[in-house]
Amino acid sequence: MQYDAKVTARLKKIEGQLRGVLRMMEEEKDCKEVITQLSAVRSAVDRTIGVIVTDNLIECISKEDAKTLDKNAMVKQAVDLLVKSR
């Protein structure tokens, strides 16, 4: 699968957010502030997972050989990936 530049950009942003959380911890910021930022990171990761799974599902279904494959099985596999990521 080819990953979109938008996905890479999302992950780089998440990486920056994590560095920010580490910096906050080093600066002994309030627990609530750290948890708020960690929640934002978790949400960003969840959204990125959704984008990757969606893009992959679209790619798989739109392939020529997908006509012979069970599209219901592909959707189930995508949903299973999303559930597993939680």
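Glu 15 is partly exposed, with a relative accessible area of 43%. In this predicted model, the side chain of Glu 15 forms a salt bridge with Arg 19, and the closest N and O atoms are 3.4 Å apart. Arg 19 is likewise classed as partly exposed, at 47% relative accessible area. The two residues are 4 residues apart in helix H1, so about one helical turn separates them. An α-helix has 3.6 residues a turn, so residues three or four places apart point the same way.

**Salt bridges**

The model holds 3 salt bridges. Side chains of opposite charge can pair when their charged atoms come close. The pairs are listed below.

| Pair | Closest N to O distance |
|---|---|
| Glu 15 and Arg 19 | 3.4 Å |
| Lys 29 and Glu 27 | 3.9 Å |
| Lys 76 and Asp 80 | 2.9 Å |

The pair of Lys 76 and Asp 80 belongs to helix H3, where the two are 4 residues apart and therefore separated by about one helical turn. Asp 80 has a relative accessible area of 39% and is partly exposed. For the pair of Lys 29 and Glu 27, Lys 29 is partly exposed at 39% relative accessible area, and Glu 27 is partly exposed at 48%.

**The loop between H1 and H2**

Glu 28 lies in the loop between H1 and H2. Its relative accessibility of 71% is over the 50% cut-off, so Glu 28 counts as exposed. The phi angle of Glu 28 is near 55°, a positive value in a residue other than glycine. Most residues other than glycine have a negative phi.

Asp 30 caps the N-terminal end of H2. The contact runs from a side-chain oxygen of Asp 30 to the backbone nitrogen of Lys 32, at 3.1 Å.

**Helix H2 and its cover**

Helix H2 covers residues 31-62, which makes 32 residues. At 1.5 Å a residue the helix should span 46 Å, and its end C-alpha atoms are 46 Å apart, so the two values agree. The buried residues of H2 are Val 34, Val 41, Ala 44, Thr 48, Gly 50 and Val 53. Among the elements that cover these buried residues are H1 and helix H3, the latter formed by residues 71-85.

Thr 48 is found in helix H2. With a relative accessible area of 4%, under the 20% cut-off, Thr 48 is therefore buried. A polar atom of the Thr 48 side chain lies 2.8 Å from the backbone oxygen of Ala 44. Leaving aside residues up to four places away in sequence, Thr 48 touches Val 7, Arg 10, Leu 11 and Ile 14.

**Val 7 against H2**

One of the residues that Thr 48 touches is Val 7, which has its place in helix H1. Val 7 is buried, also with a relative accessible area of 4%. When residues up to four places away in sequence are not counted, the contacts of Val 7 are Thr 48, Val 51, Ile 52 and Asp 55. The contact between Val 7 and Thr 48 thus appears from the side of Val 7 as well. Val 7 and Thr 54 are 47 residues apart along the chain, and their C-alpha atoms are separated by 12 Å.

**Met 74 in H3**

Met 74 is found in helix H3. Its relative accessible area is 12%, and Met 74 is classed as buried. Met 74 and Ile 61 stand 13 residues apart in sequence, with 7.7 Å between their C-alpha atoms.

**A nonpolar patch on the surface**

Leu 18, Ile 35 and Leu 38 make a nonpolar surface patch of about 240 Å². Leu 18 is found in helix H1, which runs over residues 5-26. At 39% relative accessibility, Leu 18 counts as partly exposed.

Terms used
Residues numbered from 1 in each chain as written. Predicted model: local features only at pLDDT ≥ 70, side-chain atom pairs only at ≥ 80, totals over all residues. Heavy atoms only, no water. Patch = residues over 30% accessible without salt bridge, like charges linked within 9 Å, V, L, I, M, F, W, Y side chains within 5 Å. Areas by Shrake-Rupley, 256 points an atom, 1.4 Å probe, with all protein chains shown as cover. Salt bridge = Lys/Arg side-chain N within 4 Å of Asp/Glu carboxyl O. Buried < 20%, exposed > 50% of the residue type's maximum accessible area, 1.4 Å probe, protein only. Expected span 1.5 Å × (residues − 1). Contact = heavy atoms within 4.5 Å. Polar contact = N/O pair within 3.5 Å; in protein donor to acceptor, adjacent residues only side chain to side chain.
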